[in-house]
Number of protein chains: 2
Amino acid sequence: MDITEGKRRQIIDAAVAEFREKGFAGASMDRISARADVSKRTVYNHFSSKEALFRAILDIMADRANRAFDVVYVPSKPIRDQLIDLGWAEGHLLTDPDFMKLARMVVGETMRDPVLAAEMNEKMARIAVFREFIEAAAADGALKVPDLDRATDQFLGLIKAQGFWPVVFSGELATHAQVTRIIETTTDMFLGMYSPDHA
Amino acid sequence: MDITEGKRRQIIDAAVAEFREKGFAGASMDRISARADVSKRTVYNHFSSKEALFRAILDIMADRANRAFDVVYVPSKPIRDQLIDLGWAEGHLLTDPDFMKLARMVVGETMRDPVLAAEMNEKMARIAVFREFIEAAAADGALKVPDLDRATDQFLGLIKAQGFWPVVFSGELATHAQVTRIIETTTDMFLGMYSPDHA
DNA sequence: GATCGAGTAAACTGCAGAGTGTAATTTAGG
DNA sequence: CCTAAATTACACTCTGCAGTTTACTCGATC
């Protein structure tokens, strides 16, 4: 581990904090270097501009979201248990303080640029994982889903409405127990609509 | 109607556009006055500072949300029809282009300040209206709701997941027909969980 | 027709921030 | 110990922006 690598980390940590507090336009490179305990010149040796530093952080963010574990549908397991596992594919990000700090910053900053926003949203939400799961379960007869995209939005929407947006706005992280309840109630509501046993 | 009042409108319209595109820190008073086709001094005659202009816009925003019609529970009407009416209390804001433009800006700008964010969220979401409705319906026996706050979050969450957040991020307004579908499916899912007829 | 409220244009102040140049110093590692 | 790369301090340029000042123009109202 170079000293270089260490400095780089310091810079990124400081930049995340600064961008999160002030936003892109409000952040100052002087303050970032001061927070990182590094000379301003070193910041520019690592990142050629404020923009480049910001983009580097977005990439780290996307990486972290994509390292999240995926869930695949398995016909032999009870559908309710599997939906709860699926919920945790999103849920465990919600309890990760680093991820949520970044999420907060990214949501605020990317919203101004619709293209970037849509791109980041897709990367963060990993909608495909959820849609494929629900599709497989429907094909297997474990769920009865007339509109796949809508069902996916509803499942994720129920979780996010309780576990993501309130956190983004309040800054207070959800506890493991709270996320457990959120996922359970989401699953039950989802099954109330899409279970094949339903009248 | 004064000329003054007209100028004021021009300034506000220009400021909304500028703040939305650049954020508070990135917005420039010079550009705002240019966009408004008004001298910079006139801007300062109407609003004493950039901050004051921004706050004035937030107030307008909150006003508009609060002018939205309220829905009260009526025992004699079928619960499904009433829930659909309730959904429209949120839904008709989703199809209002001016409101959604403002919402986009406000969400992005207030997110950095948790206190301001929570305050605006409350004003915009008017959660109380929804909770009171659901509470009244439950008291009447038309719904069976074990956790009032959770049920309220779920109802609003289902609508927003499909009709608010996608619009905030993509910038493309939902059509009346789309919102109709969103409200109907939300209502059915909600009844699947909370209807007293449910096993 | 003098006055007054509102608007305008443009130059100006003061400051903060992005990014650079440089010479001196530290550090890693053979 | 020596070298090359990385880091540092700091002065410097340039730009843009918030907010002010001044001298001027309308148009209405008394």
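These legends go with close-up views of a predicted model.

**View 1. Here is the protein surface around DNA strand D.** In this predicted model, 18 residues surround the strand, and the closest are A:S39, A:R41, A:T42, B:S28 and B:M29. Both chains chip in: α1 (3-26) and α3 (40-46) of chain A, plus α2 (29-36) and α3 (40-46) of chain B, each supply at least two residues of this surface. The top contributor is α3(A), with four residues. Sorted by class, the surface near DNA strand D has seven charged residues, six polar ones and five nonpolar ones.

**View 2. This is where chain A meets chain B.** On one side sit 31 residues of chain A, in contact with 32 residues of chain B. Looking just at the chain A side, the helices that each supply at least two residues are α1, α6 (97-110), α7 (114-125), α9 (148-163), α10 (165-170) and α11 (176-194). Helix α9(A) puts in the largest share, nine residues. The chain A side that touches chain B is a mix of 13 nonpolar, 11 polar and seven charged residues.

**View 3. Now for helix α8 of chain B, which covers residues 127-139.** With 13 residues at 1.5 Å apiece, α8(B) should span 18 Å, and that agrees with the 18 Å between its end C-alpha atoms. Just after the helix comes B:G141, which takes a positive phi of about 90°.

**View 4. Same helix, but with an eye on the two faces of α8(B).** The buried residues here are B:F130, B:F133, B:I134 and B:A137. Look down the axis of α8(B) and these buried residues fall within an arc of 90°, so they line one face of the helix. That fits the usual pattern: an α-helix has 3.6 residues a turn, so residues three or four places apart point the same way. What do the buried residues of α8(B) pack against? Their partners are α5 (79-94) and α9 of chain B. Over on the face turned away from the buried side, you'll find the exposed residues B:A128 and B:A139.

**View 5. Last up is B:R150, in helix α9 of chain B.** That helix runs over residues 148-163. Is B:R150 buried, exposed or partly exposed? It has 16 C-beta neighbours inside 10 Å, so B:R150 counts as partly exposed; a buried residue would need 20 or more, and an exposed one 12 or fewer. For a sense of scale, B:R150 and B:P114 are 36 residues apart along the chain, and their C-alpha atoms are separated by 22 Å.

Note on methods:
Residues numbered from 1 in each chain as written. Chains lettered and ligands numbered in written order. Predicted model: local features only at pLDDT ≥ 70, side-chain atom pairs only at ≥ 80, totals over all residues. Near = placed C-beta within 6 Å. Nonpolar A, V, L, I, M, F, W, Y, C, P; charged D, E, K, R; others polar. Contact = placed C-beta atoms within 7 Å. Expected span 1.5 Å × (residues − 1). Arc of directions from axis to C-beta.
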